[in-house]
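Biologist: Please take one part of this model and look at it closely. Start from a single residue and work outwards. Give me the cut-offs as you go.

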Amino acid sequence: MYASCRCNTNMGDVEIRVFKYVDLGSWDKVTREIEEHDSMHYDKPAPPVVYAVGLLAYLVSGDLNSARFLYKRLKPEIQNDLDVAAAWRVGKAMWKDDMAGAHKGLEEYSWAANFMTLVVSLQAELRERTVTLLRTVYTNIPVKQVEARLNLSRDDVLKLARSIQWEHDTESDSLLGGRPSSVCAVKGSQGISAVDTVVRNAFFLEQLAQ
């Protein structure tokens with residue numbers, strides 16, 4: 001899943017600052033640093049690794065629009081960088097609500113060691129968001145579907161179910177759990193946007209279940 005550090009031993013200031021903020025888990029500062037650099041040096045892009053980090057930082061923050069806009073404004077040679085392309089594969093999967101594909105993208109690419117704080121954080125965030133969504137949409141769901149959505153083994157899914165007080169119905173091999181009382185329980189959503197999110201994702205999940 002990860003390789004040795006691919007750090008540039010002659011890192012520029014923006015790269016040094018970006019990785020400092022990565023180590024601190026300050027995703028907003030990572031993306032702000034990149035935006036400020038690009039606004040001041042529009043004719044001199046940062047190294048590709050900086051943009052790969054920026055994409056992942058936006059994804060951890062749940063800001064898919066900004067991740068997409070960042071990728072689209074990159075020059076083709078930067079888009080084709082291995083790290084950038086790998087980060088955007090995860091972003092595209094998230095954009096399509098393909099959480100299994102997003103987990104797969106994170107697992108299968110050989111990320112450099114200096115990416116691991118971001119990668120591990122994104123994996124945890126994806127699972128948290130997916131669990132929240134599943135609990136909002138379903139009162140029962142097959143174990144195999146949860147395995148696919150979370151990219152977890154059966155044993156890990158059952159452990160998770162116990163930790164969030166889902167019951168395992170052995171006859172149907174499904175997880176049973178009550179829905180939150182309000183759609184606003186969806187993390188990061190409020191009001192109409194919460195309804196929008198639940199309805200859109202409920203439709204997607206129902207299609208998967210068929």
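Modeller: Buried means under 20% relative accessible area, exposed over 50%, and partly exposed in between (1.4 Å probe, protein chains only). The model is predicted, so local features need pLDDT of at least 70 and side-chain atom pairs pLDDT 80 or more, while totals for chains, interfaces and linings use all residues. Residues are numbered from 1 along each chain, and side-chain values use heavy atoms, without hydrogens or water.

Start with Thr130. Its relative accessible area is 2%, so Thr130 counts as buried. Thr130 sits in helix H8; helices (H or I, at least four residues) and strands (E, at least two) are DSSP runs, numbered from the N terminus. A polar atom of the Thr130 side chain lies 2.7 Å from the backbone oxygen of Leu126. Now leave aside sequence neighbours within four places. Thr130 is then in contact (heavy atoms within 4.5 Å) with Met99, Arg149 and Leu150.

Met99 leads to H7. Met99 of H7 is in the interface with H8, along with Ala102, His103, Leu106 and Glu107. From H8 come Val119, Leu122, Gln123, Leu126, Arg127 and Thr130. Thr130 and Leu126 are thus both in this interface. The axes of H7 and H8 come within 11 Å and cross at roughly 165°. Axes here are lines fitted to C-alpha atoms over the stretch in contact, with angles from 0 to 180 degrees between N-to-C directions. H7 and H8 are therefore roughly antiparallel (over 145 degrees; under 35 is roughly parallel, 65 to 115 roughly perpendicular, the rest oblique).

Step back along the chain from H7. Asp97 lies in the loop between helix H6 (82–95) and helix H7 (99–108). The phi of Asp97 is positive, near 60°, and Asp97 is not a glycine. Most residues other than glycine have a negative phi. Is Asp97 buried or exposed? Asp97 is buried, at a relative accessible area of 13%.

H6 comes just before. H6 holds 14 residues. Its first and last C-alpha atoms are 20 Å apart, close to the 20 Å expected at 1.5 Å a residue (1.5 Å times one less than the number of residues). At the start of H6, a side-chain oxygen of Asp81 reaches to within 3.0 Å of the backbone nitrogen of Asp83. Asp83 is itself one of the buried residues of H6. The others are Val84, Ala86, Ala87, Trp88, Val90, Gly91, Ala93 and Met94. What do the buried residues of H6 pack against? They pack against helix H3 (48–60), helix H4 (64–73), helix H5 (76–79), H7, strand E2 (111–112) and helix H8 (116–137). H7 and H8 thus reappear as partners of H6.

H3 is another partner of H6. H3 is mostly covered, with 12 of its 13 residues buried. Among them are Val49, Val50, Tyr51, Ala52, Val53 and Gly54. The buried list also includes Leu55, Leu56, Ala57, Tyr58, Leu59 and Val60. The 13 residues of H3 should span 18 Å at 1.5 Å a residue, and the end C-alpha atoms are 19 Å apart, which agrees. Just after H3, Gly62 takes a positive phi of about 80°.

One more positive phi, for comparison. Asp173 has a phi of about 50° and is not a glycine. Asp173 is placed in the loop between strand E4 (167–169) and strand E5 (174–176). Its relative accessible area is 22%, so Asp173 is partly exposed.

Methods. A polar contact is a pair of N or O atoms within 3.5 Å; within protein, one must be able to donate a hydrogen and the other to accept it, and residues adjacent in sequence count only if both atoms are side-chain atoms.
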